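Visitor: I would like to learn how to read a ligand site from a model. Please begin with the terms.

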Amino acid sequence: MRQYPPDRGWEVAFAGRSNAGKSSAINAVLARRALARTSKTPGQTRLINFFDLGADRRIVDLPGYGYARAPQQERVAWGPLIDALRERHCLRGVILVVDARRGLAESDLALIEWAGPPERAVHVLLTKADKLTRSEAAETLKGARMGIGERASVQLFSASSGVGLPEAQRVLESWLGLTHKKTPEASGEATGAD
Ligand code: GDP
């Protein structure tokens, strides 16, 4: 915990079950190809990574949960680290990445609970939406909204196809207090360019 950056500015945490698509979502939203490591082996992200975006803005990549293969010792060690993170004033919000085909698990609802008071925003990305038909996607979104209620906002997302990418970027930018300059020619789509 002593290695955490000073509690200043704003940070947004990304959380999700192992293999949900969290690393891909971070890379897509930040328009960076390999900032967060994606992998074909579930349970690979075992550290809490802080990505410094400059001007005291950070993304926090939490270890994927719900994967039994992570050594017990490691899982026990995360608890206090993650709880200490929650105490940080700069933690503006949590983006919860959920595999749209699998839906919300108890562990996802527990994470929403973990976020604490409603001042700390929670936004759910139902990712891998490219794997769903239009009607499945609509059903999934409806089901997730019902499961979550008022506590969090929800959207469909795909790191592969870009579905929901501008919406997710807008959420992140507004939480981090980064204003998006619009030119008259701008199409309204985020380009990922600085
Ligand atoms: P993490 O463990 O939650 O960080 O998940 P990763 O980002 O490493 O993704 C896990 C697997 O899902 C990888 O094989 C990714 O290629 C795949 N994946 C991630 N996002 C998407 C998506 O939007 N669409 C599809 N079809 N596959 C995805």
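Guide: Ala, Val, Leu, Ile, Met, Phe, Trp, Tyr, Cys and Pro count as nonpolar, Asp, Glu, Lys and Arg as charged, and the others, Gly among them, as polar. The shell around the ligand here holds two nonpolar, nine polar and six charged residues. This is a predicted model, in which local features need pLDDT of at least 70, side-chain atom pairs count only at pLDDT 80 or more, and totals for chains, interfaces and linings use all residues. Residues are numbered from 1 along each chain as its sequence is written, and side-chain values use heavy atoms, with hydrogens and water left out.

Visitor: How many residues surround the ligand, and which are the closest?

Guide: A residue is near a molecule if one of its heavy atoms lies within 4 Å of it. Here 17 residues surround the ligand, with Lys22, Ser23, Ser24, Asp130 and Ser160 the closest.

Visitor: Which helix gives the most to that shell?

Guide: Helices are DSSP runs of H or I with at least four residues, strands are runs of E with at least two, and both are numbered from the N terminus. Helix H1, residues 22–29, gives the most, with three residues.

Visitor: What distances separate ligand oxygen atoms from polar backbone atoms?

Guide: A polar contact with the ligand is a pair of N or O atoms within 3.5 Å. An oxygen atom of the ligand lies 2.9 Å from a polar backbone atom of Asn19; for Ala20 the distance is 3.2 Å, and for Lys22 it is 2.7 Å.

Key
Polar contact = N/O pair within 3.5 Å; in protein donor to acceptor, adjacent residues only side chain to side chain.
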